[in-house]
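Dear colleague,

I am passing on the structure we spoke about, and below it you will find some notes on what came out of going through it. Please read them with the structure open beside you.

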Amino acid sequence: MTHKIIGKYIKKLDFSIPSPKTFFLLSKDISKYKINIDIKSSQVKQNIIEVLTTLNLSSKEEGFEKINTEIIYSTIVELNNSKIKKEEIEKIVLIDVPSKIYPELRQIFVFLFENSGFKDVKISESVDFEKLYKMRKVQ
C-alpha cells in the first residue's frame, strides 16, 4: 500500500438556515438544491498530505432562498514512499481518500439535515470518484 490515513476530522462546519421562511421553502423544495463535492490537498510535511473534501448544498435556481451548508473534512495521509509519482499521488487524493471517507462525511451531512427537521434529504450513498477523476482528465 502506498499510503495510509493517519487522522481525520471536521475542519469547518457551516450549517445555518437563516429564517422560518427559508426552512419551509427548503423542506418543500429540497430537490431544487444540488450537492457539490470539492477536493483539495496540500503538503503538511515530508510524506504527509492533508486532503480537504468539501461537501455543500447549493440552489439550482437563481433567486432561490439561500441556506449555508458546508462541511470541510480533513484527512491526513501519510505516503509510504517519497518516490511516489505525481500521478499516483493525484489518484490517492482524488480517488482513494474520498472513496474511503465519503460514507462518514455523508452520514454527518444527513445527520445535520435530519436533526434540523428534514427527513427526505436524498444524498447519494456512493460517489464514483474514479469516474469523476477520469472525466476530469478528459477535460
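I begin with N56, which counts as buried because its relative accessible area is 18% and the cut-off for a buried residue is under 20%. Please keep in mind throughout that this is a predicted model, and that the values in these notes are computed from it.

N56 belongs to strand β3, which covers residues 48-59. When neighbours within four places in sequence are left aside, the residues in contact with N56 are K34, I35, N36, T69, E70 and F109.

The last of these contacts, F109, leads on to the aromatic residues. How many aromatic pairs does a search of the whole structure find? There are 3 of them. In one, Y102 and F129 meet edge-to-face, with 6.0 Å from centre to centre and 65° between the planes. This pair links distant parts of the chain, since Y102 sits in helix α2 (residues 86-114) and F129 in helix α3 (residues 129-138), the two being 27 residues apart. Y102 counts as buried because its relative accessibility is 4%, and F129 is likewise buried, with a relative accessible area of 4%.

Another pair, F109 with F113, is also edge-to-face, at 5.3 Å centre to centre and with 70° between the planes. Here both residues lie in helix α2 and are 4 residues apart, which is about one turn of the helix, and both are buried. Through ring pairs, F109 and F113 are joined with F15 into a cluster.

Turning to the protein as a whole, its secondary structure consists of 3 helices and 4 strands, which follow one another along the sequence in the pattern β-α-β-β-β-α-α. The C-alpha trace spans about 55 × 30 × 25 Å along its principal axes, and of the 139 residues in the protein, 35% are buried. Among contacts with a separation of 6 or more, 72% are between residues 24 or more positions apart.

As for the surface and the charges, the accessible surface comes to about 8800 Å², and carbon and sulfur atoms account for 50% of it. The protein carries 24 positive and 19 negative side chains, and the centres of these two sets lie 3 Å apart.

With best wishes

Technical notes: Residues numbered from 1 in each chain as written. Predicted model: local features only at pLDDT ≥ 70, side-chain atom pairs only at ≥ 80, totals over all residues. Heavy atoms only, no water. Buried < 20%, exposed > 50% of the residue type's maximum accessible area, 1.4 Å probe, protein only. Contact = heavy atoms within 4.5 Å. Phe/Tyr/Trp six-rings, centres within 6.5 Å; stacked < 30°, edge-to-face > 60°. Areas by Shrake-Rupley, 256 points an atom, 1.4 Å probe, with all protein chains shown as cover. Lys, Arg positive; Asp, Glu negative; His and termini not counted. Charge placed at Lys NZ, Arg CZ, Asp CG, Glu CD.
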